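Hi,

Here's the model I said I'd pass along. Have a look through it first, and my notes are underneath.

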Amino acid sequence: MSQTQENKTQDPKNRVIIFDTTLRDGEQSPGCSMNLDEKLRIARLLDDMGVDVIEAGFPIASAGDWEAVNEIAKALDNAVICGLSRATKKDIEASASALEPAKRRRIHTFISTSPLHMKYKLQMTPEAVLDAVAESVTFARGFTDDVEWSAEDGSRTEDDFLCQCVETAIKCGATTINIPDTVGYSVPEEYAAQITMLMNRVPNIDKAILSVHCHNDLGLAVANSLAGVQAGARQIECTINGIGERAGNTALEEIVMAIRTRNDKAPFHNNIKTEMLTKMSKTLSTTVGFNVQPNKAIVGANAFAHESGIHQDGMLKNAQTYEIMTPESVGLTKSELVLGKHSGRHALKDKIKDLGYDIGDNAFQDFFKRFKDLADRKKEIFDDDIIALIDDEVGRDHEKIKFKSLQIVAGTTGPQTAEICLDLEGVEKCTKVEGNGPVDAIFKSIRDIVPHDGATLQLYQVHAVTGGTDAQAGVTVRLEEDGKTVTGQGADADTLVASARAYIHALNKLLTKREKSKPQD
Ligand code: KIV
Ligand code: ZN
């Protein structure tokens, strides 16, 4: 990078705020729901990674959403914590109360502004929408001086009306103005022109930061966000792995690496520690049970793989022939061979810390036992094995149903049978059940001990945690009941044991969810 280029990039005017909405726009998409512990874990990682604003949820949506925003607000030190609210007093009050403990808080309020949404969704006149903009922003400013206003379906809004709304929101105290491409309809040139139009026509635009929020229905979310920033926006709203409504949102890892790699064309800077991107992506995909497609930019399994002979030859001569960014810059390192059956507690504790996890002393005792069991069966233990065990073991000591043992009869002669023992709050229960294959037998055996007829299996997915035939299996199970989904993970050298563990994990979450949704006395 030349000196002039570096000066341009570091210019405070070119600082781009990274606003992550994984826990709000991402979490509300089908199959991506997370419980409180999972949300806290994701929020802490986002904070460590240098995200400026974390949209932690939609507090009015449910008691669980309010609690998650509130706990995240208590737990984090660096990022601004944000809560979403429609343009109503009760929504804004819910955000304000949930965000109360945050060191720095933002209330985000929105209303639709496109002709289509105003007529059919809101059934409101433009005048009434404009009044609601003024009232909601003014009311939100009563709780915090950091207020964001969004024009839902902004990209399909008429210029004159959008200018009026933006000007009013800023006049009433909004400090960030967000223009969502809610339905992912815009194309880069058009979206950039809209941002330029607002910069040129709204008289008080210098009093607020313009923000881009793009959906990926046409696969253009990252391109549109970049175009918006090149036109003058200075906040990007995005999610890890691009999760979100329908085809998802702008993927944080993609937009951040596009800016870093093409700084000559996009001379902007942000606070993200890009070396954490791979870990962040893996943690989220394990948590929600959404695999990242292998050819996905930046974090897909093949993003840095070179298969063809010509490419491999070029890489050996000079990596830049086929690599525009290094794997290390996104935190992709080889899964190191770490420990074996002779490794002691200290070595394991150090490794866990190096991997960026903190599992506490009590949980460590059980974890050490799981590690030793694995080391007895698997000669080489890699970083990914340790991470899979952490995902399977940590934070589960309070669970009501615990896995004890499993014996399986499988194969061609059948009947395939599962004999399982579970611990139900200190009482051991065993059963033996036949099924149409071993996995069916296991899941039926768990249902036999803990009936849950209303729940259906939505997803059963197995992957090998590392290479080799002795690799651990990582299993994901998703259950659905009354429109609510829960996702469980299990890991073990035996795929069927991992399947039982994953199912039990999901079932425990389902029981907690049921309990939380019971009306309080
Ligand atoms: O896509 C959208 O319009 C949104 C707003 C609520 C910000 O997510
Ligand atoms: Zn959105």
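H215 has a relative accessibility of 4%, so with the cut-off for buried set at under 20% it falls in that class. H213 is buried too, at 5%. Keep in mind that this is a predicted model, so every number here is computed from it.

Both histidines turn up at the metal. The zinc ion (ligand 2) takes its protein donors from D25 (OD), H213 (NE2) and H215 (NE2), at distances of 2.0 to 2.1 Å. Along the chain, the spacing of those donor residues reads D-x187-H-x1-H.

Now for ligand 1. What surrounds it? The shell consists of R24, D25, H108, F110, S150, E152, P180, T182, H213 and H215, which means D25, H213 and H215 sit in this list as well as among the zinc donors. Sorted by class, the shell holds two nonpolar, five polar and three charged residues. As for where they come from, α2 (22–26), β4 (105–112) and β5 (147–152) each contribute at least two.

A few polar distances you may want for your setup:

- T182: a polar side-chain atom is 2.7 Å from an oxygen atom of ligand 1.
- H215: here a polar side-chain atom lies 3.0 Å from an oxygen atom of ligand 1.
- D25: a side-chain N or O atom is 3.1 Å from an oxygen atom of ligand 1.

How much of ligand 1 does the protein bury? On its own the ligand exposes 260 Å², and 95% of that is buried by the protein.

Cheers

Key: Residues are numbered from 1 along each chain as its sequence is written. Chains are lettered from A and ligands numbered from 1 in the order in which they are written. This is a predicted model: local features need pLDDT of at least 70, side-chain atom pairs count only at pLDDT 80 or more; totals for chains, interfaces and linings use all residues. Side-chain values use heavy atoms; hydrogens and water are left out. A residue is near a molecule or strand if one of its heavy atoms lies within 4 Å of it. A polar contact is a pair of N or O atoms within 3.5 Å; within protein, one must be able to donate a hydrogen and the other to accept it, and residues adjacent in sequence count only if both atoms are side-chain atoms. Accessible areas come from the Shrake-Rupley method with a 1.4 Å probe; for residues, only the protein chains shown count as cover. Helices (H or I, at least four residues) and strands (E, at least two) are DSSP runs, numbered from the N terminus. Ala, Val, Leu, Ile, Met, Phe, Trp, Tyr, Cys and Pro count as nonpolar, Asp, Glu, Lys and Arg as charged, and the others, Gly among them, as polar. Donors are N, O and S atoms within 2.8 Å of the metal (3.2 Å for Na, K and Ca); water is not among the atoms, so sites may look incomplete. Buried means under 20% relative accessible area, exposed over 50%, partly exposed in between (1.4 Å probe, protein chains only).
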